[in-house]
Amino acid sequence: MAFPVVAILSLAACEPQVPDSGAGVGFGSYSEYQSQMAQERAARNAQLSGTTTVRAPEATGAPSPTAVPSTGVTSADLAAAGIGSAQTAPGSAAITPAPAGSAVITPAPGAPLAATAAGAAYVGGSNPGISDEQDFSAVASRESIQSDADRIAQQRAQREVVAPAAVPSRPGDTGPDIVAYALQTTNPVGRQAYMRTLPSQSKATRNCAKYPSPDVAQRAFLNAGGPERDRYGIDPDGDGFACGWNPEPFRRAVGR
């Protein structure tokens with residue numbers, strides 16, 4: 001009988017200890033966990049509604065943490081940032097009281113409170129970095145039908161109407177119509193169609209340099225008796241086109 005009893009006691013000693021589920025996971029007690037979750041929900045809802053005020057534990061009467069992690073912010077740091085009930089440091093902004101009806105976020109004991117410019121912007125429920133143009137109540141509080149009418153009238157007064165300038169008149173005599181001439185001819189560039197006496201390519205090169213463009217040279221050529229005559233020597237091959245002027249673009253424009 002002694003051996004079975006010893007065996008049972010040995011097995012009982014080897015049985016692992018079951019943790020107490022009532023102590024919770026990562027927190028002191030379940031009631032503390034519920035309180036922390038309620039605070040987080042209140043903070044989230046207040047932030048969404050735009051009436052969030054962040055305060056240090058000292059300003060709300062919450063118990064101060066006994067040990068703050070190295071990554072947290074001490075009461076002195078909060079006071080330097082203008083947060084909390086400590087005396088305001090010289091040159092720092094005064095603490096803005098929480099507006100009536102706004103939610104007050106109380107950090108859980110031991111939780112670090114970020115002392116940043118973004119966090120300070122939430123004090124009093126204001127965030128100047130976000131436009132309120134989509135907030136009807138905010139816009140309606142500073143705008144009215146009369147102010148809209150005044151703004152429209154001001155914009156109309158500043159409107160500047162630019163009158164169109166008159167189109168310059170074309171001189172009556174512009175010389176021969178090279179477009180009509182291009183459509184009247186059918187021979188390609190380089191094919192001789194007219195006789196030339198003592199043609200000279202070097203002379204044509206020198207004389208063509210006097211004209212700013214082939215169009216101007218072609219008008220001068222036609223105005224001087226061309227294409228039958230070449231007074232200036234600018235059509236040495238006798239094709240009727242002076243200084244490399246080409247009628248093909250005009251022909252293609254009309255499908256020829």
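Let's start with one residue: Asp 148 is partly exposed, with a relative accessible area of 31%. That label sits between two others, since buried means under 20% relative accessible area and exposed means over 50%, all worked out with a 1.4 Å probe on protein chains only. Keep in mind that this is a predicted model, where local features need pLDDT of at least 70 and side-chain atom pairs count only at pLDDT 80 or more, while totals for chains, interfaces and linings use all residues. Residues are numbered from 1 along each chain as its sequence is written, and side-chain values use heavy atoms, with hydrogens and water left out.

**Salt bridges**

- Here a salt bridge means a side-chain nitrogen of Lys or Arg within 4 Å of a carboxyl oxygen of Asp or Glu, and the count comes to four.
- Asp 148 pairs up with Arg 151, and their closest N and O atoms are 2.5 Å apart.
- These two are three residues apart in helix H7 (residues 145-158), so about one helical turn separates Asp 148 from Arg 151. Helices are DSSP runs of H or I with at least four residues, strands are runs of E with at least two, and both are numbered from the N terminus.
- Arg 151 also has a salt bridge with Glu 143, with 3.4 Å between the closest N and O atoms.
- How accessible are these partners? Arg 151 is partly exposed at 37% relative accessibility, and Glu 143 is partly exposed too, at 29%.
- Over in helix H11, the side chains of Arg 251 and Glu 248 meet in another salt bridge, at 2.8 Å from N to O.
- Arg 251 and Glu 248 are three residues apart in H11, so they too are separated by about one helical turn.
- Is Arg 251 buried or exposed? Arg 251 is buried, with a relative accessible area of 5%, whereas its partner Glu 248 is partly exposed at 24%.
- Some bridges share partners, and this joins Glu 143, Asp 148 and Arg 151 into one network.

**Aromatic rings**

- Rings of Phe, Tyr and Trp (for Trp, its six-membered ring) pair up if their centres lie within 6.5 Å; planes under 30 degrees apart count as stacked, over 60 as edge-to-face and the rest as tilted.
- The structure holds four such aromatic pairs.
- Take Tyr 181 and Phe 241: their ring centres are 6.3 Å apart and their planes sit at 75 degrees, so this pair is edge-to-face.
- Tyr 181 is in helix H8 (residues 178-184) and Phe 241 is in the loop between H10 and H11, so the pair ties together parts that are 60 residues apart in sequence.
- Tyr 181 is buried, with a relative accessible area of 9%, and Phe 241 is buried as well, at 4%.
- Which residues form one aromatic cluster? They are Tyr 181, Phe 241, Trp 245 and Phe 250.

**The disulfide**

- A disulfide is a pair of cysteine sulfur atoms within 2.5 Å, and the model has one.
- Cys 208 and Cys 243 make this link, with 1.9 Å from S to S.
- The angle about the S-S bond is -90 degrees, and the link of Cys 208 and Cys 243 is left-handed.
- The link connects distant parts of the chain, 35 residues apart: Cys 208 belongs to helix H9 (residues 201-208), and Cys 243 to the loop between helix H10 (214-223) and helix H11 (248-253).
- Both Cys 208 and Cys 243 are buried.
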